[in-house]
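User: Hi! Could you walk me through this one? I'd like to start inside one of the chains and then move on to how the chains meet.

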Amino acid sequence: MKLQVEHVFQVSRDVLWQVLHDQTRMADWIPGCEKLEEIEPDRFAATMKIGVGAIKGTYKGTVQIAEKQEPSQYTLAVEGSAAPGFVRGKALMKLHVEDANVTRLVIDADAQVGGLIASVGQRFVSGIAKQLTRELLANIEQSLRSKPEATA
Amino acid sequence: MSKKAGEQIPGRTDYKWIGKSIPRHEDARLLTGRGTFVDDLNIPNVHHAAILRSPHAHARISKVDLRRALNLKGVIGGITGADVLERTRPFSVVATSPMQYYCMATDKVRFVGEPVAAIVARDRYIAEDALDLIDVEYETLPAIVDPEKAVESDAPILHEEVPNNIACHRLLSYGDVDAAFDQADFVLRERLVFPRYTSMPLETFAIISSYDHFRGGLTLWSNFMGPFIMHPITARALKIAENNLRFIVPPDIGGSFGIKTSIYPYLTLLGLLSMQVDVPVKWIEDRREHLLASSVQTDRVSYREVAVTKTGVVLGFRTKLYDNVGAYLRTPEPATTFRPIGNVVGPYQVKNLQIDADIVVTNKCPTGPNRAYGCAHLYFEQERLMDKVAEKLKLDPAEVRLRNFIQPDEFPYTTPTGGIYDSGDYPKAFQLALKTFGYEAMRKQQKTARADGRLFGIGISTGVDPSVSNMGYLTVALDPEVRQHPDYLPKSGAAETATIKIDPLGQVTVGLSSTPQGQGHETIVAQIVAEELELSPEDVTVIDECDTAKNIWSISSGTYSSRFASVGTSAVANAAKTLREKIFRIAAHLLKVDVEDVVFEDRRFYARETPTQSIKLSHVAGTAHWNPNGLPEGMEVGLNVTETFSFPLAHAPDQKDRVNSSNTYGFMVDLMAVDIDPDTGQVKILKYASVHDAGTIIHPKILEGQIYGGAMHGIAGALFEQQLYDDEGQCLTATLVDYECPFSTEAPKIDIAHIESPSPFTPLGSKGAGESSSETAPACIANAVADALSPLGVNVTELPLTPNRCWELLQSARGQTT
């Protein structure tokens, strides 16, 4: 399933890049992320709690940052599996300068689900994905606001 | 005790019970919820299994660890692919490039839903919870679901032993197909796609397995439907002797429509589980498991070209088939390709043909029999092309069919592929169908409707309805050279067995090994036995539960391939005749008259000339059991007769791949009028007429039920149902919300009519009709929708014709892409 979203943040590209790559804060904005530990540079072991309809699960897996072209783009790959199946997604994250303190984040994502989620939750999956994306953007906004020193 | 076929003159009309719609003996218990299904059986100390299934379409299994699961309170054991690899053999696969197919994944998973491990626990809840505690690691691999892409050189390979994912390839030629195309005035070509849909019985797969450690015997209770060839296959897979393996089938099975032939991997899986944990183990498949991983019909892409004269006579055809059997070629597949081999020309006088078949494996659920096995695909292709001929020649589609039919004076008719059509009158049945439908009037109505701007279409489809598969047909999947090898055991035949006994007080009991799934065998057998023994059907008790250790059965026993009305009834009729001869001989002996001078009426034998001299049936029966000295000299004690009816014309395929693949061949014509909503694309069936020739009709109401059921199965596949996958091999239709089945509210009224051309090859002249319009309804709907859309210049080449697809066709005609 392919998904494209974009959002304009009232911060400079460098600041946004910094927030998105701050390991201490990544867990705050990845939706459902309960735990994130670096296992090697740019690769993290993650625990995520996600519900698709009635099927809720704690997914264990990895988050990987790659193809970095600081500060304009990178890819973010997430995969996790749990009793209800697996989720797998890769997103190309592009940061466009709109203005000195205005940055447009464009996310091009391709996600797959398998197992129980895919077979009983198929019709919810795109709705859930949209909801998770909204959460993601809201979380980044929240991150930016809650740590005003980052904008300094 | 083989028996004289054709002893009774087919077409006899003086029956007292045969041909009457007597009330079904099964209905009272079924309608009051008192049937006995597998789940109703109480086996002491039964434990429950749950199966962990792959979430991936294609992946290498790097680790399966049961330890955490086995520590859960209430769990008593479990198995993984390693146990399966060690303790079982792969199932036999009939193909040119067979693969290793086990009851569970051993190295890789190849479809979503493939079993990876199984757990046994005190109850199903605990077993299901334990599945969450199994640690499995997968290395995912690219998946492939499209059969045409699967054979490309860069496609992911499922099985190393199956090059290009082609498990079986056969190029079959009959007649002189090149000459036919040379002589043709024109050639028409189509690419056609036939979808995956399934059987959807109310009762899913159900098994209880119990292992007797002391005797080394394994008992499997299940809703297994035959063929009993699965018994030796299961014994071999479990590495146990056949006489240590017992299948027990309870009196009631909640439908099958083909799918329960494919239960056997689970029989092996459950057998292994109970051998491992040493207590009886039960598994009732849930609906999601059923939709995801039980079995489904093979989907097909076909390229068909027909050689036609300018008068509309079809001289020959060539077909290139890509049959998608999913992850494993599971017996009896590739029967979708070969099951209709004897009737592959349908009801037409086509003499020359070529079939180039690729049977392809992909990362989808393995396939198996589904009512209309292979024939729905076949007639969809055949009948779409017949309409194309009509369109090309600007002839009425009915007229094109009439120009090609095999004629009534040609029976028995041998087809170029070796089929022997026993009887029929296709033009007569076709004319009756046109009349029943009101064809002329409907065409007039269509004109008016079109003038009003409606999308109104009329569809026709015909088909030869093959009943009772000859066990040998499947070996057409093998190269003739393999079949010629001295070690090769040729396969042929189609037998069924019945046992009838009369008790010491004169009561009649019939035992069958037919494992029916709702077809009403108890009723039909009671009718036939009552007819032969001059009793009433209420006097006859029929037991059709089966125990392979006690019943007499043949390798082909079971209820599949529309076989009961043809061979099952024949075994019963012959057994009843033999028993009748015996009781008449005893009566004659006791009455001291010639057997010809004995008459039987109201359970009493009379001497014809001196009716005051008589003797009760119970006295005759009592003599057979209690007083052997009172029997005619040399006569066997007791009144028990077992007869096996074996079809004499069921030979193994010859060197030219010709085979009489069925015992009897009926005929059917479907005619439909449909209306398509231009805004939603929804197809509405306005009128449906269906004419059948199933030989002698034994029970008209049961036949009507089969026609309705078959038609609805076909309508479901043509308009509603489809098993769908995404490109990564995830199944999108594993619930009944996503896999849309029609309800009774979607069922049209069908105007049904019959002709009866009794088969000369069965004692009663009857033929099977269990699949009937499931073979022709999809083609009929396709033709009707194509006719409705023809003014727009839109072609119909793919099913199902869901509102979505029709709307897309409408949009393409309107010049808009969707």
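User: How many salt bridges are there between domain 1 and domain 2 of chain B?

Analyst: Happy to help. This is a predicted model, and the count between domain 1 of chain B and domain 2 of chain B is 2 salt bridges. One pairing is B:Asp547 with B:Arg246, a salt bridge whose closest N and O atoms are 2.7 Å apart.

User: And how many residue pairs are in polar contact there?

Analyst: Across the interface of domain 1 of chain B and domain 2 of chain B there are 7 residue pairs in polar contact, both residues being at pLDDT 80 or more. On the side of domain 1 of chain B that touches domain 2 of chain B, helix H1 (27-31) and strand S22 (546-547) of chain B each supply at least two residues. That side divides into 5 nonpolar, 9 polar and 4 charged residues.

User: Back up a bit, where do those domains run in chain B?

Analyst: Domain 1 of chain B covers 27-33 + 495-549 + 556-646, and domain 2 covers 38-141 + 204-253 + 259-293. Chain B also has a domain 3, made of 373-473 + 659-813. Over C-alpha atoms, the centres of domain 1 of chain B and domain 2 of chain B are separated by 40 Å.

User: How much area do domains 1 and 2 of chain B bury between them?

Analyst: About 1,300 Å², with 56% of it on carbon and sulfur atoms. B:Thr515, B:Gln517 and B:Thr548 supply 34% of the area that domain 1 of chain B buries against domain 2 of chain B, more than any other three residues. In terms of contacts, 18 residues of domain 1 of chain B meet 15 residues of domain 2 of chain B.

User: Nice. Now the two chains: how many residues does each bring to the contact?

Analyst: Chain A gives 14 residues and chain B gives 14 residues. Chain A and chain B bury about 1,100 Å² between them, 56% of it on carbon and sulfur atoms. A:Phe86, A:Ser119 and A:Arg123 supply 39% of the area that chain A buries against chain B, more than any other three residues.

User: What about salt bridges between chain A and chain B, how many?

Analyst: The count between chain A and chain B is 0 salt bridges. There is 1 residue pair in polar contact across the interface of chain A and chain B, with both residues at pLDDT 80 or more.

User: Which element gives the largest share of chain A's side?

Analyst: H3(A) does, with 6 residues of the side of chain A that touches chain B. By class, that side of chain A has 6 nonpolar, 6 polar and 2 charged residues.

User: Switching topic: is B:Ser774 buried or exposed?

Analyst: B:Ser774 counts as buried because its relative accessibility is 1%, and the cut-off for buried is under 20%. B:Ser774 sits in the loop between strand S29 (751-754) and helix H20 (777-789) of chain B.

User: What does its side chain reach?

Analyst: The side chain of B:Ser774 reaches the backbone oxygen of B:Glu771 at 2.6 Å. Leaving out residues up to four places away in sequence, B:Ser774 touches several residues, including B:Arg371, B:Ala376 and B:His713.

User: Last one, where is B:Arg403?

Analyst: B:Arg403 lies in helix H12 (residues 397-404) of chain B and is partly exposed, with a relative accessible area of 35%. The side chain of B:Arg403 reaches the backbone oxygen of B:Thr311 at 2.7 Å, and a polar contact of 2.8 Å joins the side chains of B:Arg403 and B:Glu399.

Terms used
Residues numbered from 1 in each chain as written. Chains lettered and ligands numbered in written order. Predicted model: local features only at pLDDT ≥ 70, side-chain atom pairs only at ≥ 80, totals over all residues. Heavy atoms only, no water. Domains from an automatic or database assignment. Contact = heavy atoms within 4.5 Å. Buried area = accessible area lost by both parts, 1.4 Å probe. Salt bridge = Lys/Arg side-chain N within 4 Å of Asp/Glu carboxyl O. Polar contact = N/O pair within 3.5 Å; in protein donor to acceptor, adjacent residues only side chain to side chain. Helix = DSSP H or I, 4+ residues; strand = E, 2+ residues; numbered from the N terminus. Nonpolar A, V, L, I, M, F, W, Y, C, P; charged D, E, K, R; others polar. Buried < 20%, exposed > 50% of the residue type's maximum accessible area, 1.4 Å probe, protein only.
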